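Work through the exercises below with the sequence and the 3D view open. Try each task before reading its solution.

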Amino acid sequence: MKKTLYLMRHGQTLFNVQKVDQGASDAPLTRLGVAQARAAGNHLAQIGAAPDHVFCSPYERTCDTAETVTSCLTADGTPLPYERVWGLREFSFGSYEGKDSYLNPSLPFGDKFVQFGGDAQQDVADRMVATLTELMRRPDVQVALAVSHGAAVANFCRAIAEWSPVKYHPGIKNCSIFTVEFDEETGHFSCVDLFEPDVPADSVPDATAIDFSLMHGAGDAALDTPDGPAVDPAAPKTTWLVRHAETLFNAQNKVQGWCDSPLTERGIVQAHVCGCTLAALGINPDHAFCSTSFRASTTLEILLSEIGKDALPYLRLKGLREAGFGSFEGKDQCLQPSMLDPEADTYYVPYGGEARADIADRMYRTLKAIADRPDIHEALVVGSRGSATSFFYRPEVVREAELKSGANCIIYHYEYADGTFICKEIIVPED
C-alpha cells in the first residue's frame, strides 16, 4: 500500500532574515513567513490535500507554520490538531547556534559541528528517515503533513534520492512542499513533486518584521474548554509560576524573548532540582501550562517527571510567552537599556517589540483565565523572567513576598481568591 506524505519547511523567520544559524534555536515567523505559509496552505487546498495527521518539529516556527497552513484546509479557518515530534527537529549547530551564518564551514557539513556539540549530517538524515518511517507506518495514517526544517528536509531528500524521480536541489525555500510517496511494503520513500511558494517580498508590507498576529492570544482558546470536573468555587486556588531553566542564549548573554534556544546541561540539572523542590513542597497540580517556547515546554516536562506527573497533559499558550524584543532578539544583552530606565517600558516598540504594560496585560489575562476555569484547583505554569516579573508588579497583584532574584527556575507561589492573586512566597531552588 502506498501512502502520501507532504513534507515541508517552515516559513521565513527573523533569524532567516538576519542570516543567523537557527538549528536547535528558534525565532518567530516574519510577515513574509506567514504569507508563505498561507500560500502553501492554499496550494494544498487547491490540489485537494486532506491530511488525516499533521506532525511538526517541537519548535515554535514549525508549529506556527503548521497552524497557518492547516487553517487554509478547514471550512471555518480553524487549524487542524497536530503532534510535535522530536525526530523532525532541525540540524543542530551546537555552540554556533545564534551566530552569523558566514562563520559556517562550506557544505557538506559532515561531522564538522560535532566537536562543538552539534549534529553530524548523516545522523540527521538517519533520524529523519527513521522518524518519518515510523510515522507513516502507523495504521491510522494514510495522508500526512509534516512541517520540518531546511537542513533536516534536505538530508532526508538526499537519503531517499535513489527512489525519487524529483531530486533535491540546493537551497530549499521557506514553505517548499515535497510530495512524497511511501511504499509500506518496501519501506521506500519516493519524492514525486515539489511546490515552491512564490510570494514576492514587496507584496507583503513590512515583510521582514515579526508578525504580531501570531504573538497575542493564538492558541489560548483551548482555555475555554474545561476537561475535568468542577472544583469547589469557594476554595482558594493555587498557581505555581516557574521561570524556565538556563538556556544556551542565557549562558551566552543574548536577548531571548520571542526567539528561543535549548536548555544547557546546567539548565537540565536546574530543572530537575526545581522539580525535586516542588515535590518536597507537596504540590499536586491538576493542570499544567507553559508558553509556546521550546525552552518552557522542555522545562515543564522535566518538572512533571520529578513530581510524578509525567502523564499529565499540558497546554502551550501564547499569552505566557516572554517579552518581545523585536529586532533586538538574539543580540548581545549589553545593547539593552537599563531596566530601571523609565524609557525601558516602551523602548522596544519602535523595533517591533512589546511595551511592558502590554506584556503585563496578556500575562494577567492568561493567568486569570487559568485560575477562573471551573475545573482547575492547582496549576503548574512555566514561563519566562520578563513576563513573570511584569505580572508580579501588576497593580492588581498583592505581593506578600519580595522579589530578590530573576534566577532560572525561580518559583512564584500564588493564591487566587475572589478575583485577586496573592504572591505568598518566592522560592529560588539551589543551583
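**Exercise 1. Decide whether cysteine 191 is buried or exposed, then look for its disulfide status.**

Step 1. Cysteine 191 is buried, with a relative accessible area of 2%. Buried means under 20% relative accessible area, exposed means over 50%, and partly exposed lies in between (1.4 Å probe, protein chains only).

Step 2. Apply the disulfide rule: a pair of cysteine sulfur atoms within 2.5 Å. The closest cysteine sulfur to that of cysteine 191 belongs to cysteine 157, 5.4 Å away, so the gap is too far for a bond.

Step 3. Check the partner. Cysteine 157 is buried as well, at a relative accessible area of 5%.

Step 4. Count over the model. The rule gives zero disulfides.

A note on the model before going on. It is predicted, so local features need pLDDT of at least 70 and side-chain atom pairs count only at pLDDT 80 or more, while totals for chains, interfaces and linings use all residues. Residues are numbered from 1 along each chain as its sequence is written, and side-chain values use heavy atoms, with hydrogens and water left out.

**Exercise 2. Find which residues touch the most other members of the largest nonpolar core.**

Step 1. Fix the term. A nonpolar core is a set of buried Ala, Val, Leu, Ile, Met, Phe, Trp, Tyr and Cys residues joined through side-chain atoms within 4.5 Å.

Step 2. Name the residues. The largest core has 29 residues, and Leu5, Phe55, Leu88, Leu132, Phe156 and Phe189 touch the most other members.

Step 3. Trace the elements. Two or more residues each come from β1 (2-9), α4 (121-136), β4 (143-148), α5 (150-159), β5 (177-183) and β6 (188-195). Helices (H or I, at least four residues) and strands (E, at least two) are DSSP runs, numbered from the N terminus.

Step 4. Zoom in on phenylalanine 189. Beyond its neighbours within four places in sequence, its contacts include Leu5, Val129, Leu132, Phe156, Trp163 and Val180. Contact means heavy atoms within 4.5 Å.

Step 5. Set this in context. In soluble globular proteins, nonpolar side chains tend to be buried together.

**Exercise 3. Give the strand order of the open sheet of seven strands.**

Step 1. Read the order: β9-β8-β10-β7-β12-β13-β11, with mixed pairing. Two strands pair if DSSP finds at least two bridges between them.

Step 2. Locate the edges. They are β9 and β11 (398-399), each pairing on one side only.

Step 3. Follow β8. Residues 287-291 form this strand, which pairs with β9 in the parallel sense over four bridges. Here alanine 288 stands opposite tyrosine 314 of β9.

Step 4. Follow β7. Six bridges join β7 to β12, and the two run antiparallel. Threonine 239 faces tyrosine 414 in β12.

Step 5. Turn to the other pairing. β7 and β10 are parallel, over six bridges, with arginine 243 opposite glycine 383.

**Exercise 4. Explain why β7 counts as largely enclosed.**

Step 1. Count. Seven of the seven residues of β7 are buried, so the rest of the structure largely encloses this strand.

Step 2. Split the faces. Lys237, Thr239, Leu241 and Arg243 are buried on one side, and Thr238, Trp240 and Val242 on the other.

Step 3. Look for a covering helix. α9 (residues 356-372) lies across several strands, among them β7 (237-243), and runs at about 140° to β7. Axes are lines fitted to C-alpha atoms, for helices over the stretch in contact, and angles run from 0 to 180 degrees between N-to-C directions.

Step 4. List buried residues of α9. They include Ile359, Met363, Tyr364, Leu367 and Ile370.

**Exercise 5. Work out what α3 packs against.**

Step 1. Test the length of α3 (residues 60-71). Its 12 residues should span 16 Å at 1.5 Å a residue, and its end C-alpha atoms are 16 Å apart, which agrees. The expected span is 1.5 Å times one less than the number of residues.

Step 2. Check burial. 10 of the 12 residues of α3 are buried, so mostly covered is the right description.

Step 3. Name the surroundings. The buried residues of α3 pack against β1, α2 (31-46), β2 (53-56), β3 (83-84), β4 and β9.
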